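Please load the model in your viewer and keep the selection panel at hand. The tour below goes from one selection to the next and says what is found at each.

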Amino acid sequence: MIEQLIFTIISFLLFIYMFFKMFKENDTNYIIILVLEAIGIAINLVQVIANIDIILVFMIIKYIVGVILPVFVIALEKKELPLIQILNVIKAKIYLKLGDNKKAKEQLINLVSKYPENYIGHKMLANIYELEGGMRKAIDEYVQAIDSNKKDYDSYYKIADLLNQLDKKEEASEMLHNLLNKKPDYYKATELLGDILISKEKYKEAVNIYQDALKYNPLSFEINYNLGIAYTMLNDFQNAKICYERAADINSLSYNSKYSLAEISLIYKELEKAEQYFMEALEDEELSADSYYELSKIAMIKGEKEKAIKFANIAVDINSSKIVKKIKNDPIFIPIMAKISIPFNIEEIENTEKNMKEKERKAKEHLEDMFDVTRNLSYNDIKMLKDKTQKEKPKGINKKENETQKELE
């Protein structure tokens with residue numbers, strides 16, 4: 001009897017507390033707790049009125065829903081882990097799983113309206129807005145998430161990415177610089193900032209960003225490859241070569257790196273090396289036509305006309321619309337033009353470099369153009385060019401090259 005009296009007093013007081021809490025917070029989620037508490041109180045009431053001993057299972061249920069659950073909720077709220085907010089998040093996740101974004105948003109908007117400091121609510125809402133294309137709303141929610149959690153580096157990156165998509169490159173760059181100051185090993189920020197700088201032709205700044213990133217991950221294929229692109233656009237082919245070689249060592253299937261190395265070898269009149277790299281680049285479907293074309297050019301330089309005709313015809317077969325223009329514009333092919341099978345009706349072929357990023361395409365075209373520019377230079381001129389870039393090599397690059405080579409070994 002005493003036990004029932006104590007339970008009645010405690011459970012009733014907890015029920016009243018939760019009832020007023022619901023009105024104070026204006027949150028109907030508390031109804032779930034109140035209903036469960038009412039079940040516990042009802043079990044106890046039946047026990048008192050009927051004056052019977054209930055079975056152990058109902059006794060356990062009575063204490064769990066009538067006392068333990070509300071005490072647990074109160075304890076969580078004291079520790080700033082409100083169960084009611086957690087329930088909102090759970091319901092929103094269920095709606096998302098069911099594909100009902102509208103109801104999920106309603107739950108989350110209600111949550112962050114009542115509890116502006118709720119980090120998970122802002123983050124989930126930002127993700128939904130981003131998926132729906134509401135980039136400005138997503139940015140606002142990511143900002144709120146960062147206000148609640150200063151170490152949420154992913155939200156920093158998301159804001160920068162969305163600003164970049166909105167063509168606010170200056171703001172995106174500033175955000176990424178701030179992020180890398182806080183977390184310098186955050187590679188995605190390095191990559192995006194590098195892309196933005198290269199698109200704005202700020203190649204020296206891009207080099208600095210990539211070199212800083214190498215301190216934390218010297219064996220990153222992407223960083224070495226992107227650094228090679230930045231050096232390429234600065235006409236620093238010696239350093240570009242070092243970076244492309246590292247990238248090719250790290251990833252032997254990086255045919256873009258090998259194609260770039262082939263073009264640099266052509267610029268330096270290292271025909272055997274260029275031929276070897278172009279042969280390897282043939283494995284890539286996107287690069288095969290250009291590689292056969294360049295091999296044909298090398299054969300003409302070496303005086304091997306039959307081989308040049310063979311390679312030129314293969315290149316034309318793969319992509320006539322692209323290769324025929326190149327052949328007609330290059331005087332080196334005049335002696336063999338009659339033996340190249342140029343089709344009468346050249347059909348436009350869909351861009352075969354669709355998997356190539358814009359910066360990769362720009363670097364590739366730049367190297368091809370630079371070979372045409374340097375083609376008539378003497379070997380002494382080329383040697384002077386190599387010596388000049390070797391002297392201008394940034395401090396520490398030889399050391400970095402040696403360290404990377406040791407790690408690869």
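The expected span of a helix is taken as 1.5 Å times one less than its number of residues, and that definition is needed for the opening stop of this tour through what is a predicted model.

Select residues 358–374, which make up helix α19. With 17 residues at 1.5 Å a residue, α19 should span 24 Å, and because its end C-alpha atoms are 24 Å apart, the model agrees with that expectation. Now colour the buried residues of α19, among them the charged-named positions Lys359, Glu360, Arg361, Lys364 and Glu368, and then add Ala363, His366, Leu367, Met370, Phe371 and Thr374, which are also buried.

Move next to residues 101–114, helix α5, whose 14 residues reach 20 Å from the first C-alpha to the last, close to the 20 Å expected at 1.5 Å a residue. Which residues of α5 are buried? They are Ala104, Lys105, Gln107, Leu108, Leu111 and Val112. If you look down the axis of α5, these buried residues fall within an arc of 160 degrees, so they line one face of the helix. Turning to the other side of α5, you will find Lys102 and Ser113, both of them exposed.

For the surface, select Ile31, Val35, Ile39, Ile55, Val57, Phe58 and Ile61, which form a nonpolar patch with about 600 Å² of accessible area together. Helices α2 (30–50) and α3 (56–78) each supply at least two residues of this patch. Within the patch, centre the view on Val35, which has its place in helix α2; at 46% relative accessibility Val35 counts as partly exposed, because that class lies between the cut-offs of 20% and 50%.

The last two stops concern backbone geometry in loops. Most residues other than glycine have a negative phi. Select Asp167, in the loop between α8 (153–165) and α9 (169–182), where phi is near 65 degrees, a positive value in a residue other than glycine. Is Asp167 buried or exposed? At 58% relative accessibility, Asp167 counts as exposed.

Finally, go to Glu201, which is found in the loop between α10 (187–199) and α11 (203–214). The phi of Glu201 is near 60 degrees, again a positive value in a residue other than glycine, and at 55% relative accessibility Glu201 counts as exposed.

Definitions and conventions:
Residues numbered from 1 in each chain as written. Predicted model: local features only at pLDDT ≥ 70, side-chain atom pairs only at ≥ 80, totals over all residues. Heavy atoms only, no water. Helix = DSSP H or I, 4+ residues; strand = E, 2+ residues; numbered from the N terminus. Buried < 20%, exposed > 50% of the residue type's maximum accessible area, 1.4 Å probe, protein only. Arc of directions from axis to C-beta. Patch = residues over 30% accessible without salt bridge, like charges linked within 9 Å, V, L, I, M, F, W, Y side chains within 5 Å. Areas by Shrake-Rupley, 256 points an atom, 1.4 Å probe, with all protein chains shown as cover. Salt bridge = Lys/Arg side-chain N within 4 Å of Asp/Glu carboxyl O.
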